[in-house]
Amino acid sequence: MKAWCVISLGDDRQYGGNEGYNDVPTSVYRYDSNVANHKQVSAGDIVVIRDRQFACGIARIVEVMNQPGHKTVQRCPICGSTSIKRRKTKNPDWRCSCGQEFSHPRQKEEQVELYEAHYGETYVPLPRTLQVSSLKSAMPRPSDQLSIEEVDTTKLEALMESVSTLGAETIRRAATAQRLLAQVGQDDSEADNYVPSSAEQSDRVLQSIRVRRGQSRFRKLLLERYEARCVVTGCTVLDLLEAAHIVPYKTKGDHDPSNGLLLRADIHTLFDLHLMTINPESLLVSFDNKVKLAGYDVYDGVKLLVGTKSPSERALRPRRDAIQAASIVCQNGKSASEADS
């Protein structure tokens, strides 16, 4: 797994050599074959999206698409460089890094390969506290000329720990997914050399996946019950949807679909960590404050997307009450500690 830092500026670009790429920062990054590192970016890689000053978000690339195309390239009419800038207050309007000034750049349609890196539903917004200068310190070969720069994943994870727990979790999830894919590839390549002892490790991997996503029948029931979408975010990417028990699974009876919620993977994690609660009567969702500050405030206060098939109020109520009781105990303990001091 690799990690990349990509710059998405819209009209706020430093150089005027092209017309930009019409990115959608929360879901897709567009680039072409003239961009350095364009062949290195792959599905499964981590990408940090930044503007000129701060990191804006982090995501995992789920798909890279490419197709032939063309773009209008603007060059200096004297030296042919694309390192040209349009000036707002001086004449002539344009200046090249070679020092030449001119009224109009030379334009040419060039054949290129167009790329799109899609994030699916993995994008996590970041608070505007991680500066580009800090990101540069995590890059093996930092450069002010590159739109796509490689980032050391270990250093990036450390940076994320200081600004966003969910950002760090995105990196860990991507690493886990890559290890599982590598294991599957290894199992396939060694299929002809199968020995019983190797199956034990494979079984453990598959079992962990089943436990996390939910037993197949239970998950199927929830997909049907909730129309194959996350009941909090509305996400419909099946690979990201997990079967969550409201009351933790102990007996077969706990697999009743009324004791389940279909949740996007990150929302499931927050639910398990009691950082998200659901009002059993109104079905309104609320998040812990530190989670809201990490970008989940857009889902705070939404009503579960469950249609006419609501989850069990009898299952939701004790869970909500237990979380509230734990919060009160925590607050009382903090008050007592402050009083002692």
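The structure holds zero disulfides. It is a predicted model. This briefing covers the cysteines, one histidine, the nonpolar cores and a small set of strands.

**Cysteines**

- Cys76 takes part in no disulfide.
- The cysteine sulfur nearest to that of Cys76 belongs to Cys96, 3.8 Å away.
- A disulfide needs two cysteine sulfur atoms within 2.5 Å, so a separation of 3.8 Å does not qualify.
- Cys96 is in no disulfide either; its nearest cysteine sulfur is that of Cys98, at 3.5 Å.
- The 2.5 Å cut-off therefore rules out this pair as well.
- Cys76 has a relative accessible area of 0%, so Cys76 counts as buried.
- Cys96 is buried too, at 1% relative accessibility.

**His38**

- His38 lies in a loop.
- That loop runs between strand 2 (28-32) and strand 3 (46-50).
- The relative accessible area of His38 is 14%.
- Buried means under 20%, so His38 is buried despite its place in a loop.
- Its side chain reaches the backbone oxygen of Val35 at 2.9 Å.
- Leaving aside residues up to four places away in sequence, His38 touches Tyr31, Asp32, Ser33 and Tyr115.

**Nonpolar cores**

- The largest nonpolar core has 53 residues.
- Val232 and Phe287 have the most contacts inside this core.
- Helix 3 (residues 165-189) gives the most to the core, with four residues.
- Val232 touches Phe287 itself.
- Other contacts of Val232 include Leu263, Ile267, Met276 and Val285.
- Val232 also touches Tyr299, Val302, Leu304 and Leu305; residues up to four places away in sequence are not counted.
- A second core is separate and has 15 residues.
- Among the residues of this second core are Val35, Val41, Ala59 and Tyr119.
- Val35 thus appears twice: it belongs to the second core, and its backbone oxygen is reached by the side chain of His38.

**A three-stranded sheet**

- Three strands form an open sheet in the order 6-7-8.
- The pairing in this sheet is antiparallel.
- Strand 6 (84-86) and strand 8 (101-102) stand at the edges.
- Each edge strand has a single partner strand, so one side of each is left without a neighbour in the sheet.
- Strand 7 (residues 94-96) is joined to strand 8 by two bridges.
- Strand 7 and strand 8 run antiparallel.
- Trp94 stands opposite Phe102 in strand 8.

Methods
Residues are numbered from 1 along each chain as its sequence is written. This is a predicted model: local features need pLDDT of at least 70, side-chain atom pairs count only at pLDDT 80 or more; totals for chains, interfaces and linings use all residues. Side-chain values use heavy atoms; hydrogens and water are left out. Buried means under 20% relative accessible area, exposed over 50%, partly exposed in between (1.4 Å probe, protein chains only). A polar contact is a pair of N or O atoms within 3.5 Å; within protein, one must be able to donate a hydrogen and the other to accept it, and residues adjacent in sequence count only if both atoms are side-chain atoms. Contact means heavy atoms within 4.5 Å. A nonpolar core is a set of buried Ala, Val, Leu, Ile, Met, Phe, Trp, Tyr and Cys residues joined through side-chain atoms within 4.5 Å. Two strands pair if DSSP finds at least two bridges between them.
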